[in-house]
Amino acid sequence: MLEKINNLKAQIEGLTASNAAEVEALRIKYLSKKGEVSLLFNDFRNVPVEQKKAMGQALNELKNIATDKINALRDAVESVDTAVEGLDLSRTASAIKLGTRHPLSLVRNEIVSIFSRLGFSIADGPEIEDDWHVFSSMNFPADHPARDMQDTFFIQRDPADVLLRTHTSSVQSRVMEKTQPPIRIICPGRVYRNEAISARAHCFFHQVEALYVDRNVSFADLKQTLLYFAQEMFGPATQIRLRPSYFPFTEPSAEMDISCNLCGGKGCSFCKHTGWVEILGCGMVDPNVLEACGIDSKEFTGFALGMGVERITNLKYQVKDLRMFSENDTRFLDEFQSAH
Ligand code: DAH
């Protein structure tokens, strides 16, 4: 019997297993009720009395060795199952690549933040609009070319026009028809025009509209607001100039240029050697617009302005091709990693 015990001991010490199923098979083979070790305990009955003590010790030792061995094998295969070989869990993790804000979002946020310092709050309107909010309430004559299919994306013509807004000025009438002055709002948003896509034009782009309506709002207020905006956006040395212009919804209307921020006004290829670049349209809200939106034009006056976010972004970051803004090429977007 001692020989049997020693043989089994040697056998068990040499056991190997490569997965949990093999370990279980070994446990059954040696340690289950009918396992080899257990069978030896059955034989113990027949051992002569004088050998019982020594044999009992040897048997118990064998059982312990077998139990420890099986446990050790189980631990070993379990850690192999869960860990990937060669993985060093104490290593520092590699950095997760951070996303960037889109350059148009950076610039839009900056515009909004400048105007919010002047007390303007954000207003919103739908991109799918009707004729009234985009054109009629904004004093566009019935035959104005902007109402043409060539400029505007129509979704439906009958029974009433449904279209993609061509400018954020539509938010002006959305707000004015619901609110009485004082109104001081800024409306960032996407607009659509039926243009062939090229480096200089796209069928959608982004605008920010501002509207201020109250008693005694004057052109001087508009001009001061514009100067503040230009200097906050492009630096304190920035100068502005206003050129007379025409928009149906403002009277008088103007376009604002800023001194070219690339050459400081000396003249370069970007400003076509004029020293000035155009950045927005503005004017005093036409009394017809106020009346159309239910505001008494004898009591209240207002100014409005609208700018293209792509245009401002180009001025700040010299993006040469408008299409880059909507391609989501991470090589382009990564350039703005450190911008905010
Ligand atoms: N809506 C004009 C456009 O799309 C921009 C604009 C010009 C907005 C003058 C205004 C404004 O509010 O007063 O080109």
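In this predicted model, a polar backbone atom of leucine 305 lies 3.4 Å from an oxygen atom of the ligand. Two side chains also place polar atoms at short listed distances from the ligand, and the table sets these contacts beside that of leucine 305.

| Residue | Protein atom | Ligand atom | Distance |
|---|---|---|---|
| Leucine 305 | polar backbone atom | oxygen | 3.4 Å |
| Glutamine 207 | N or O atom in the side chain | oxygen | 3.0 Å |
| Serine 169 | polar side-chain atom | nitrogen | 3.0 Å |

On its own, the ligand has 350 Å² of accessible area, and the protein covers 88% of this. Strand 6 (204-214), strand 9 (276-285) and strand 10 (301-308) are the elements that each give two or more residues to the surrounding shell.

**The shell around the ligand**

Which residues come nearest to the ligand? Of the 15 residues around it, these are His167, Ser169, Arg193, Gln207 and Glu209. Ser169 and Gln207 thus appear both in this group and in the table of polar contacts. By residue class, the shell consists of 8 polar, 5 nonpolar and 2 charged residues.

**Cis peptide bonds**

The backbone also has cis peptide bonds that precede proline. One runs from aspartate 158 to proline 159, with omega near 0 degrees. Proline 159 belongs to the loop that connects strand 3 (154-156) with strand 4 (162-164). Another cis bond joins glutamate 251 to proline 252, where omega is about -5 degrees. Proline 252, in contrast to a loop position, is found within strand 8 (residues 250-259).

**Positive phi outside glycine**

Asparagine 216 has a positive phi, near 60 degrees, although this residue is not a glycine. The residue is located in the loop between strand 6 and helix 8 (219-234). Is asparagine 216 buried or exposed? With a relative accessible area of 71%, asparagine 216 is exposed, because the cut-off for that class is over 50%.

Histidine 273 likewise is not a glycine and has a positive phi, of about 60 degrees. The loop between strand 8 and strand 9 holds histidine 273. Its relative accessibility is 61%, so histidine 273 also counts as exposed. Strand 8, at one side of this loop, is the strand that contains proline 252, while strand 9, at the other side, is among the elements that give two or more residues to the shell around the ligand.

Notes
Residues numbered from 1 in each chain as written. Predicted model: local features only at pLDDT ≥ 70, side-chain atom pairs only at ≥ 80, totals over all residues. Heavy atoms only, no water. Near = heavy atom within 4 Å. Polar contact = N/O pair within 3.5 Å; in protein donor to acceptor, adjacent residues only side chain to side chain. Areas by Shrake-Rupley, 256 points an atom, 1.4 Å probe, with all protein chains shown as cover. Helix = DSSP H or I, 4+ residues; strand = E, 2+ residues; numbered from the N terminus. Nonpolar A, V, L, I, M, F, W, Y, C, P; charged D, E, K, R; others polar. Buried < 20%, exposed > 50% of the residue type's maximum accessible area, 1.4 Å probe, protein only.
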